[in-house]
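Hi,

Here is the structure I said I would pass on. Have a look at it first, and then read my notes below.

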Amino acid sequence: MKVLGVNIFSKKNVEIDPVCRMEVDPANPPGGKHDYNDKAYYFCSPGCRVSFSKDPEKFLKSATAHPM
Ligand SMILES: [Zn+2]
């Protein structure tokens, strides 16, 4: 038995836009894709992609920061 409307993100393949943290469908990213350090990043909009391409380290640093 299936229940509709729950867990819509749990099985979906999504990537997180490193600039704004939005979920982006990597099969059809609205902002396109940018490769950096052998990893592909996907964006919700071209503006986020441009921001990332200008200074990727800035966004990756904040993305991996885990304040204890
Ligand atoms: Zn974005």
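What follows is a run through what I found, going from the overall layout to single residues.

First, a word on what you are looking at: this is a predicted model. Mean pLDDT for the protein comes out at 86, with 74% of its residues at 70 or more. By element, helix 1 has the highest confidence, with a mean of 98, while helix 2 has the lowest, at 81. The usual caution applies: where pLDDT is low, the predicted coordinates should not be read in detail.

As for the layout, the protein has four strands and two helices. Reading from the N terminus, the order is β-β-β-β-α-α. There are 68 residues, and 19% of them count as buried. If you take contacts between residues at least 6 apart in sequence, 29% of those link residues at least 24 apart.

Now the hairpin. Strand 3 covers residues 33-36 and strand 4 covers residues 39-42, and the two pair in the antiparallel sense through four bridges. To find the register on screen, look for Y36, which sits opposite K39 of strand 4. One more pair to check is D35, whose bridge partner in strand 4 is A40.

The turn of that hairpin is worth zooming in on. Two residues lie between the strands, and both N37 and D38 are found in that loop. N37 has a positive phi of about 50° despite not being a glycine. D38 is not a glycine either, and its phi is positive too, near 65°. Are they buried or exposed? N37 has 8 C-beta neighbours inside 10 Å, so it counts as exposed. D38 has 5 such neighbours inside 10 Å and therefore counts as exposed as well.

On to helix 1, which spans residues 46-54 and has C48, R49 and F52 buried. Why do these three end up on the same side of the helix? Because they cover an arc of only 100° around the axis. Turn to the face away from that buried side and you will find the exposed residues P46, G47 and K54.

Two of those buried helix residues, C48 and F52, turn up again in the largest nonpolar core. This core has eight residues, and the other members are V19, V24, Y41, Y42, F43 and F59. Strand 4 and helix 1 are the elements that contribute two or more residues to the core.

V24 is a good core residue to click on. Leaving aside residues up to four places away in sequence, V24 touches V14, E15, D17, P29, Y42, F43 and C44. Of these, Y42 and F43 are fellow members of the core.

Finally, two places where the chain comes back to itself. L60 is in helix 2, which runs over residues 56-64. Its C-alpha atom is 6.8 Å from that of P18, with their positions 42 residues apart along the chain. L60 counts as partly exposed because it has 16 C-beta neighbours inside 10 Å. Keep in mind that helix 2 is the element with the lowest confidence when you look at that one.

The other place involves K12, in the segment before strand 1 (15-16). The C-alpha atoms of K12 and D25 are 8.4 Å apart, and the two residues are 13 apart along the chain. With 9 C-beta neighbours inside 10 Å, K12 counts as exposed.

If you open just two views, I would take the turn with N37 and D38, with their positive phi values, and the core around V24.

Cheers

Terms used:
Residues are numbered from 1 along each chain as its sequence is written. This is a predicted model: local features need pLDDT of at least 70, side-chain atom pairs count only at pLDDT 80 or more; totals for chains, interfaces and linings use all residues. A residue is buried if 20 or more other C-beta atoms lie within 10 Å of its own, exposed if 12 or fewer, and partly exposed in between; C-beta atoms are placed from the backbone. The arc is that of the directions from the helix axis to the C-beta atoms. Two strands pair if DSSP finds at least two bridges between them. A nonpolar core is a set of buried Ala, Val, Leu, Ile, Met, Phe, Trp, Tyr and Cys residues joined through C-beta atoms within 7 Å. Two residues are in contact if their C-beta atoms, placed from the backbone, lie within 7 Å. pLDDT is the predictor's confidence in each residue, from 0 to 100.
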